[in-house]
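Biologist: Please take one strand and walk me through its surroundings. I would like to know what pairs with it, what covers it, and how another part of the model compares in layout.

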Amino acid sequence: MAKDAVVSDDLAKKFATEKDTPYLRWVRDEGLDIVSAHYIRNLRTAELKPWARRGGKGLYINHEASRTSNDCYICEIAPGKKLEPQRQLFEEMILVLEGRGSTSVWNDSGKKITFEWKAGALFAIPLNTWHQHFNGSGQEAARFVAVTNAPPVINLYEDIGFVFNTAHDFKSRFAGEPDYFSAKGEQKGLLLETNFVPDAVNLPLISAKERGAGGGHIRFNMAKGSMNSHISQFPIGTYKKGHCHGPGAHVIILSGEGYSLMWPEGEEPRRYDWEVGTMIVPPNMWFHQHFNTGNSPARYLAFKHETVSIRNGQGVPKAWISRRIGGDQIDYADETPLVRDIFAKELSKNGLTPKMDDAYKTELESLPPKAA
(Lines give C-alpha, C1' and ligand atoms only; values in the text may rest on other atoms or scores of the structure.)
Protein backbone atom coordinates (compact mmCIF):
# COMPACT_ATOMS: atom_id res chain seq x y z
CA MET A 1 0.00 0.00 0.00
CA ALA A 2 1.87 3.08 -1.29
CA LYS A 3 1.88 6.16 0.95
CA ASP A 4 3.61 8.75 -1.23
CA ALA A 5 0.47 9.45 -3.29
CA VAL A 6 2.51 10.75 -6.24
CA VAL A 7 0.30 12.41 -8.88
CA SER A 8 0.85 13.62 -12.44
CA ASP A 9 2.98 16.68 -13.19
CA ASP A 10 -0.10 18.42 -14.58
CA LEU A 11 -1.96 18.10 -11.28
CA ALA A 12 1.12 19.08 -9.25
CA LYS A 13 1.56 22.27 -11.30
CA LYS A 14 -1.93 23.39 -10.33
CA PHE A 15 -0.80 23.54 -6.69
CA ALA A 16 2.81 24.69 -7.21
CA THR A 17 2.11 28.25 -6.06
CA GLU A 18 0.53 27.01 -2.83
CA LYS A 19 3.58 24.87 -2.06
CA ASP A 20 5.78 27.95 -1.77
CA THR A 21 5.38 30.02 1.41
CA PRO A 22 6.66 33.31 2.90
CA TYR A 23 8.80 31.16 5.23
CA LEU A 24 10.49 29.29 2.37
CA ARG A 25 11.13 32.53 0.52
CA TRP A 26 12.71 34.02 3.65
CA VAL A 27 15.11 31.07 4.10
CA ARG A 28 16.16 31.32 0.46
CA ASP A 29 16.80 35.05 0.92
CA GLU A 30 19.07 34.20 3.84
CA GLY A 31 21.39 32.58 1.28
CA LEU A 32 21.36 29.17 2.96
CA ASP A 33 20.73 25.71 1.62
CA ILE A 34 17.55 23.91 2.66
CA VAL A 35 18.03 20.18 3.10
CA SER A 36 14.80 18.24 2.72
CA ALA A 37 15.62 15.18 4.75
CA HIS A 38 14.36 12.87 7.47
CA TYR A 39 17.87 11.51 8.14
CA ILE A 40 21.14 13.38 8.73
CA ARG A 41 23.97 10.97 9.50
CA ASN A 42 25.86 13.50 11.63
CA LEU A 43 24.89 17.07 12.51
CA ARG A 44 28.46 17.76 13.63
CA THR A 45 29.91 17.19 10.15
CA ALA A 46 27.09 18.52 7.94
CA GLU A 47 28.37 21.07 5.43
CA LEU A 48 27.37 24.67 6.20
CA LYS A 49 27.42 27.88 4.16
CA PRO A 50 28.34 31.43 5.25
CA TRP A 51 25.36 33.13 6.92
CA ALA A 52 26.01 36.84 6.38
CA ARG A 53 23.15 38.21 8.52
CA ARG A 54 24.01 36.08 11.56
CA GLY A 55 27.78 36.31 11.18
CA GLY A 56 28.42 32.56 11.21
CA LYS A 57 27.68 29.54 9.04
CA GLY A 58 24.36 27.75 8.69
CA LEU A 59 22.16 25.12 7.10
CA TYR A 60 18.38 24.72 7.25
CA ILE A 61 16.78 21.29 7.57
CA ASN A 62 13.10 20.94 6.64
CA HIS A 63 10.79 17.96 6.98
CA GLU A 64 7.69 17.46 4.84
CA ALA A 65 5.51 19.60 7.14
CA SER A 66 8.02 22.37 7.89
CA ARG A 67 6.05 24.83 5.77
CA THR A 68 3.36 24.87 8.47
CA SER A 69 4.86 23.53 11.73
CA ASN A 70 8.50 23.62 12.85
CA ASP A 71 11.89 23.83 11.21
CA CYS A 72 15.48 23.08 12.14
CA TYR A 73 18.83 24.70 11.46
CA ILE A 74 22.49 24.15 12.28
CA CYS A 75 24.70 27.12 13.08
CA GLU A 76 28.45 27.39 13.62
CA ILE A 77 30.40 30.18 15.31
CA ALA A 78 34.04 30.58 14.27
CA PRO A 79 36.82 30.46 16.91
CA GLY A 80 36.90 33.64 18.96
CA LYS A 81 33.85 35.06 17.13
CA LYS A 82 30.23 35.85 17.94
CA LEU A 83 26.89 35.93 16.14
CA GLU A 84 25.00 39.15 15.55
CA PRO A 85 22.28 40.05 18.10
CA GLN A 86 18.78 38.93 17.14
CA ARG A 87 15.24 38.96 18.47
CA GLN A 88 12.24 37.14 16.98
CA LEU A 89 8.53 36.54 17.48
CA PHE A 90 8.95 32.78 17.32
CA GLU A 91 10.24 30.23 19.82
CA GLU A 92 13.58 28.46 19.64
CA MET A 93 15.16 25.50 21.43
CA ILE A 94 18.91 24.87 21.16
CA LEU A 95 21.23 21.90 21.70
CA VAL A 96 24.98 22.61 21.71
CA LEU A 97 26.73 20.02 19.53
CA GLU A 98 30.35 21.09 19.85
CA GLY A 99 32.46 23.69 21.60
CA ARG A 100 31.87 26.05 24.49
CA GLY A 101 30.74 29.63 24.85
CA SER A 102 28.12 31.93 26.29
CA THR A 103 24.84 33.60 25.44
CA SER A 104 23.52 36.99 26.52
CA VAL A 105 19.76 37.59 26.73
CA TRP A 106 18.13 40.97 27.33
CA ASN A 107 14.88 42.85 26.89
CA ASP A 108 13.83 46.40 26.13
CA SER A 109 13.53 47.15 29.85
CA GLY A 110 17.30 46.82 30.12
CA LYS A 111 17.33 43.51 31.97
CA LYS A 112 20.30 41.46 30.76
CA ILE A 113 21.83 38.16 31.85
CA THR A 114 24.64 36.04 30.46
CA PHE A 115 25.18 32.30 30.92
CA GLU A 116 27.83 29.86 29.79
CA TRP A 117 27.39 26.59 27.92
CA LYS A 118 29.35 23.68 26.48
CA ALA A 119 28.64 20.67 24.27
CA GLY A 120 25.55 18.85 25.52
CA ALA A 121 23.82 21.94 26.92
CA LEU A 122 20.13 22.41 26.18
CA PHE A 123 18.25 25.70 26.48
CA ALA A 124 15.51 27.87 24.95
CA ILE A 125 15.40 31.50 23.88
CA PRO A 126 12.58 33.43 25.64
CA LEU A 127 10.07 34.83 23.17
CA ASN A 128 11.14 38.10 21.49
CA THR A 129 14.16 38.68 23.72
CA TRP A 130 17.36 40.02 22.26
CA HIS A 131 20.06 37.35 22.36
CA GLN A 132 23.64 36.92 21.18
CA HIS A 133 25.85 33.82 21.12
CA PHE A 134 29.63 33.92 21.72
CA ASN A 135 32.27 31.27 21.03
CA GLY A 136 34.37 30.88 24.19
CA SER A 137 37.30 29.25 22.41
CA GLY A 138 39.88 30.93 20.24
CA GLN A 139 40.92 27.60 18.73
CA GLU A 140 37.78 25.58 17.98
CA ALA A 141 34.45 26.34 16.34
CA ALA A 142 31.22 26.08 18.33
CA ARG A 143 28.21 24.43 16.67
CA PHE A 144 24.59 24.11 17.73
CA VAL A 145 21.34 22.77 16.31
CA ALA A 146 18.07 24.62 16.86
CA VAL A 147 14.39 23.90 16.27
CA THR A 148 11.92 26.78 15.96
CA ASN A 149 8.27 27.42 15.15
CA ALA A 150 9.25 30.13 12.67
CA PRO A 151 7.25 28.72 9.71
CA PRO A 152 3.71 29.43 10.99
CA VAL A 153 4.77 32.78 12.47
CA ILE A 154 6.44 34.04 9.29
CA ASN A 155 3.61 32.68 7.16
CA LEU A 156 1.03 34.38 9.37
CA TYR A 157 2.49 37.88 9.30
CA GLU A 158 4.46 37.80 6.01
CA ASP A 159 6.37 40.78 7.36
CA ILE A 160 9.98 39.99 8.23
CA GLY A 161 10.52 43.40 9.80
CA PHE A 162 7.64 42.78 12.19
CA VAL A 163 8.83 39.26 13.09
CA PHE A 164 12.41 40.35 13.86
CA ASN A 165 12.03 43.97 14.96
CA THR A 166 8.96 44.27 17.18
CA ALA A 167 9.69 46.13 20.41
CA HIS A 168 7.67 44.29 23.03
CA ASP A 169 8.69 42.52 26.23
CA PHE A 170 6.78 39.37 27.10
CA LYS A 171 7.47 39.81 30.80
CA SER A 172 5.69 36.60 31.77
CA ARG A 173 8.28 34.77 29.63
CA PHE A 174 11.38 36.74 30.70
CA ALA A 175 11.76 39.66 33.07
CA GLY A 176 15.52 39.59 33.62
CA GLU A 177 15.49 37.07 36.47
CA PRO A 178 19.14 36.60 37.55
CA ASP A 179 18.70 32.83 37.90
CA TYR A 180 16.67 32.40 34.70
CA PHE A 181 19.29 30.14 33.09
CA SER A 182 20.40 28.34 36.24
CA ALA A 183 20.04 24.57 36.29
CA LYS A 184 16.97 24.75 38.52
CA GLY A 185 13.61 23.33 37.54
CA GLU A 186 10.29 22.01 38.81
CA GLN A 187 9.40 18.37 38.14
CA LYS A 188 5.71 17.63 37.46
CA GLY A 189 5.31 13.96 36.63
CA LEU A 190 7.46 13.35 33.57
CA LEU A 191 7.60 17.09 32.83
CA LEU A 192 10.53 19.25 33.94
CA GLU A 193 9.90 22.98 33.76
CA THR A 194 13.30 24.58 33.25
CA ASN A 195 15.14 26.98 30.96
CA PHE A 196 18.60 25.42 30.95
CA VAL A 197 20.02 21.88 31.11
CA PRO A 198 23.83 22.06 31.36
CA ASP A 199 24.40 18.41 30.38
CA ALA A 200 21.60 16.64 28.51
CA VAL A 201 23.81 13.57 28.00
CA ASN A 202 23.96 12.76 31.73
CA LEU A 203 20.72 14.26 33.04
CA PRO A 204 18.93 11.82 35.42
CA LEU A 205 15.74 10.39 33.92
CA ILE A 206 12.48 8.92 35.21
CA SER A 207 11.35 5.35 34.62
CA ALA A 208 8.95 5.01 31.68
CA LYS A 209 8.00 1.36 31.40
CA GLU A 210 5.12 2.23 29.08
CA ARG A 211 7.60 2.74 26.25
CA GLY A 212 9.17 -0.65 26.88
CA ALA A 213 12.62 -2.07 27.64
CA GLY A 214 13.00 -0.51 31.09
CA GLY A 215 14.02 2.84 29.69
CA GLY A 216 14.15 6.30 31.22
CA HIS A 217 12.36 9.44 30.04
CA ILE A 218 11.97 13.13 30.83
CA ARG A 219 9.96 15.87 29.12
CA PHE A 220 10.68 19.59 29.03
CA ASN A 221 8.81 22.85 29.01
CA MET A 222 11.45 25.51 28.40
CA ALA A 223 11.12 29.31 28.57
CA LYS A 224 7.34 28.81 28.98
CA GLY A 225 7.13 28.01 25.28
CA SER A 226 4.51 26.12 23.31
CA MET A 227 7.03 23.75 21.73
CA ASN A 228 8.23 20.76 23.70
CA SER A 229 11.03 18.23 23.85
CA HIS A 230 12.01 15.06 25.64
CA ILE A 231 14.96 12.78 26.34
CA SER A 232 14.68 9.00 26.27
CA GLN A 233 17.24 6.34 27.13
CA PHE A 234 17.21 2.56 26.82
CA PRO A 235 19.66 -0.05 28.16
CA ILE A 236 22.23 -2.24 26.41
CA GLY A 237 20.69 -5.04 24.37
CA THR A 238 17.19 -3.50 24.25
CA TYR A 239 14.94 -1.57 21.92
CA LYS A 240 11.92 0.73 22.14
CA LYS A 241 8.39 -0.11 21.07
CA GLY A 242 7.39 0.91 17.56
CA HIS A 243 4.95 3.82 17.33
CA CYS A 244 3.83 6.67 15.11
CA HIS A 245 2.78 10.30 15.58
CA GLY A 246 2.45 13.58 13.74
CA PRO A 247 5.31 15.28 11.84
CA GLY A 248 8.17 17.35 13.20
CA ALA A 249 9.94 15.30 15.91
CA HIS A 250 13.68 15.91 15.46
CA VAL A 251 15.36 12.91 17.14
CA ILE A 252 19.02 13.63 17.91
CA ILE A 253 21.30 10.85 19.19
CA LEU A 254 23.14 11.95 22.36
CA SER A 255 24.90 8.68 23.25
CA GLY A 256 25.23 5.11 22.06
CA GLU A 257 25.02 3.44 18.69
CA GLY A 258 22.35 1.50 16.88
CA TYR A 259 19.73 1.87 14.21
CA SER A 260 16.11 2.83 13.66
CA LEU A 261 13.44 1.29 11.48
CA MET A 262 10.85 3.58 9.87
CA TRP A 263 7.94 2.69 7.65
CA PRO A 264 4.49 3.86 6.54
CA GLU A 265 1.80 1.37 7.50
CA GLY A 266 1.60 -1.49 5.02
CA GLU A 267 5.17 -1.14 3.73
CA GLU A 268 8.48 -2.80 4.59
CA PRO A 269 10.62 -1.09 7.28
CA ARG A 270 13.54 1.02 6.12
CA ARG A 271 16.73 1.02 8.19
CA TYR A 272 18.72 4.07 9.34
CA ASP A 273 21.98 3.51 11.24
CA TRP A 274 22.93 6.05 13.88
CA GLU A 275 25.75 7.31 16.07
CA VAL A 276 26.25 10.30 18.34
CA GLY A 277 25.16 13.33 16.31
CA THR A 278 22.73 11.57 13.99
CA MET A 279 19.31 13.14 13.49
CA ILE A 280 16.19 11.26 12.41
CA VAL A 281 12.88 13.00 11.64
CA PRO A 282 10.06 10.45 11.27
CA PRO A 283 7.59 11.51 8.55
CA ASN A 284 3.95 12.07 9.43
CA MET A 285 2.36 8.90 10.89
CA TRP A 286 5.27 6.66 9.87
CA PHE A 287 5.95 3.94 12.39
CA HIS A 288 9.45 4.02 13.80
CA GLN A 289 11.42 1.97 16.29
CA HIS A 290 14.85 2.53 17.88
CA PHE A 291 17.38 -0.25 18.63
CA ASN A 292 20.47 -0.13 20.86
CA THR A 293 23.23 -2.37 19.45
CA GLY A 294 26.17 -0.81 21.29
CA ASN A 295 28.05 -1.42 24.53
CA SER A 296 26.47 1.45 26.48
CA PRO A 297 22.96 2.84 27.08
CA ALA A 298 21.52 4.73 24.11
CA ARG A 299 20.04 8.18 24.65
CA TYR A 300 18.31 10.61 22.33
CA LEU A 301 16.74 14.06 22.47
CA ALA A 302 13.56 14.83 20.53
CA PHE A 303 12.74 18.45 19.69
CA LYS A 304 9.05 18.73 18.78
CA HIS A 305 6.17 20.93 17.74
CA GLU A 306 2.93 20.22 19.60
CA THR A 307 1.36 18.99 16.34
CA VAL A 308 3.48 15.85 16.84
CA SER A 309 1.47 14.80 19.89
CA ILE A 310 -1.82 13.26 18.87
CA ARG A 311 -3.49 12.83 22.27
CA ASN A 312 -6.45 10.94 23.66
CA GLY A 313 -9.24 12.59 25.67
CA GLN A 314 -7.12 12.32 28.84
CA GLY A 315 -4.23 14.23 27.29
CA VAL A 316 -1.99 11.16 26.90
CA PRO A 317 -0.03 10.96 23.63
CA LYS A 318 -1.42 8.09 21.56
CA ALA A 319 2.18 7.09 20.76
CA TRP A 320 2.28 5.83 24.37
CA ILE A 321 -0.95 3.79 24.05
CA SER A 322 -1.32 0.26 22.69
CA ARG A 323 -2.87 -0.12 19.26
CA ARG A 324 -5.03 -2.81 20.84
CA ILE A 325 -7.05 -0.09 22.59
CA GLY A 326 -6.91 2.58 19.91
CA GLY A 327 -3.43 4.03 20.41
CA ASP A 328 -0.49 4.29 18.02
CA GLN A 329 2.08 2.08 19.79
CA ILE A 330 2.84 -1.47 18.65
CA ASP A 331 3.12 -3.94 21.52
CA TYR A 332 6.12 -6.25 21.51
CA ALA A 333 3.70 -9.17 21.26
CA ASP A 334 2.35 -7.81 17.97
CA GLU A 335 5.58 -6.91 16.18
CA THR A 336 6.76 -8.92 13.21
CA PRO A 337 9.29 -11.70 14.03
CA LEU A 338 11.68 -10.01 11.61
CA VAL A 339 12.23 -7.23 14.16
CA ARG A 340 13.72 -9.63 16.70
CA ASP A 341 15.72 -11.56 14.12
CA ILE A 342 17.43 -8.45 12.78
CA PHE A 343 18.13 -7.16 16.29
CA ALA A 344 19.76 -10.43 17.43
CA LYS A 345 21.99 -10.51 14.34
CA GLU A 346 23.11 -6.91 14.82
CA LEU A 347 23.91 -7.45 18.50
CA SER A 348 25.99 -10.52 17.68
CA LYS A 349 28.31 -8.34 15.61
CA ASN A 350 29.32 -6.63 18.87
CA GLY A 351 29.42 -9.88 20.85
CA LEU A 352 26.12 -9.09 22.57
CA THR A 353 22.80 -10.87 23.01
CA PRO A 354 19.29 -9.42 23.41
CA LYS A 355 18.18 -8.52 26.95
CA MET A 356 14.51 -8.26 26.13
CA ASP A 357 13.02 -11.24 28.00
CA ASP A 358 12.01 -9.19 31.05
CA ALA A 359 10.42 -6.55 28.83
CA TYR A 360 8.41 -9.16 26.93
CA LYS A 361 7.30 -10.81 30.17
CA THR A 362 6.34 -7.52 31.85
CA GLU A 363 4.25 -6.52 28.87
CA LEU A 364 2.29 -9.79 28.87
CA GLU A 365 1.23 -9.20 32.47
CA SER A 366 -0.87 -6.17 31.49
CA LEU A 367 -1.37 -6.64 27.74
CA PRO A 368 -4.88 -5.69 26.57
CA PRO A 369 -6.72 -8.37 24.57
CA LYS A 370 -6.69 -8.00 20.81
CA ALA A 371 -9.73 -6.37 19.31
CA ALA A 372 -12.11 -8.71 17.55
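Modeller: Start with one pair: Tyr73 stands opposite Ala146 in S11. This is a predicted model. Tyr73's side of the pairing is strand S5, residues 71-77, which joins S11 in the antiparallel sense over seven bridges. Strand S6, residues 92-98, also pairs with S11. That pairing is antiparallel too, over six bridges. Here Met93 stands opposite Val147 in S11.

Now the burial of S11 itself. The strand spans residues 142-148, and seven of its seven residues are buried, so S11 is largely enclosed by the rest of the structure. The cut-off for buried is under 20% relative accessible area. Both faces are covered. One side carries Ala142, Phe144, Ala146 and Thr148, all buried. The other carries Arg143, Val145 and Val147, again all buried. Ala146, the residue opposite Tyr73, and Val147, the residue opposite Met93, thus sit on opposite sides of S11.

Met93 leads on to another strand. Among the residues that Ser229 touches is Met93. Ser229 lies in strand S17, residues 228-234. Ser229 is buried, with a relative accessible area of 1%. Its contacts also include Ile218, Arg219 and Phe220. Leu301, Ala302, Phe303 and Lys304 complete the list, which leaves out residues up to four places away in sequence.

For contrast, take strand S8, residues 112-118. S8 has a covered face made of Ile113, Phe115 and Trp117. Its other face is uncovered: Lys112, Thr114, Glu116 and Lys118. In S11, by comparison, both faces are covered.

The partner of S8 is S7, residues 100-106. The two run antiparallel and are joined by seven bridges. Two of the bridge pairs can be named. Trp106 is matched with Lys112, a residue of the uncovered face. Val105 is matched with Ile113, a residue of the covered face. S7 and S8 form a hairpin with five residues between them. In the turn, Gly110 has a positive phi of about 90°.

The hairpin belongs to an open sheet of three strands, in the order S8-S7-S10, with antiparallel pairing. S8 and strand S10 (130-135) stand at the edges, each with a single partner strand, so one side of each is left without a neighbour in the sheet. Neighbouring strands of this sheet are turned by 20° against each other on average, direction ignored.

How values were computed. Residues numbered from 1 in each chain as written. Predicted model: local features only at pLDDT ≥ 70, side-chain atom pairs only at ≥ 80, totals over all residues. Heavy atoms only, no water. Buried < 20%, exposed > 50% of the residue type's maximum accessible area, 1.4 Å probe, protein only. Helix = DSSP H or I, 4+ residues; strand = E, 2+ residues; numbered from the N terminus. Pairing = 2+ DSSP bridges. Contact = heavy atoms within 4.5 Å. Axes fitted to C-alpha atoms, helices over the stretch in contact; angles between N-to-C directions.
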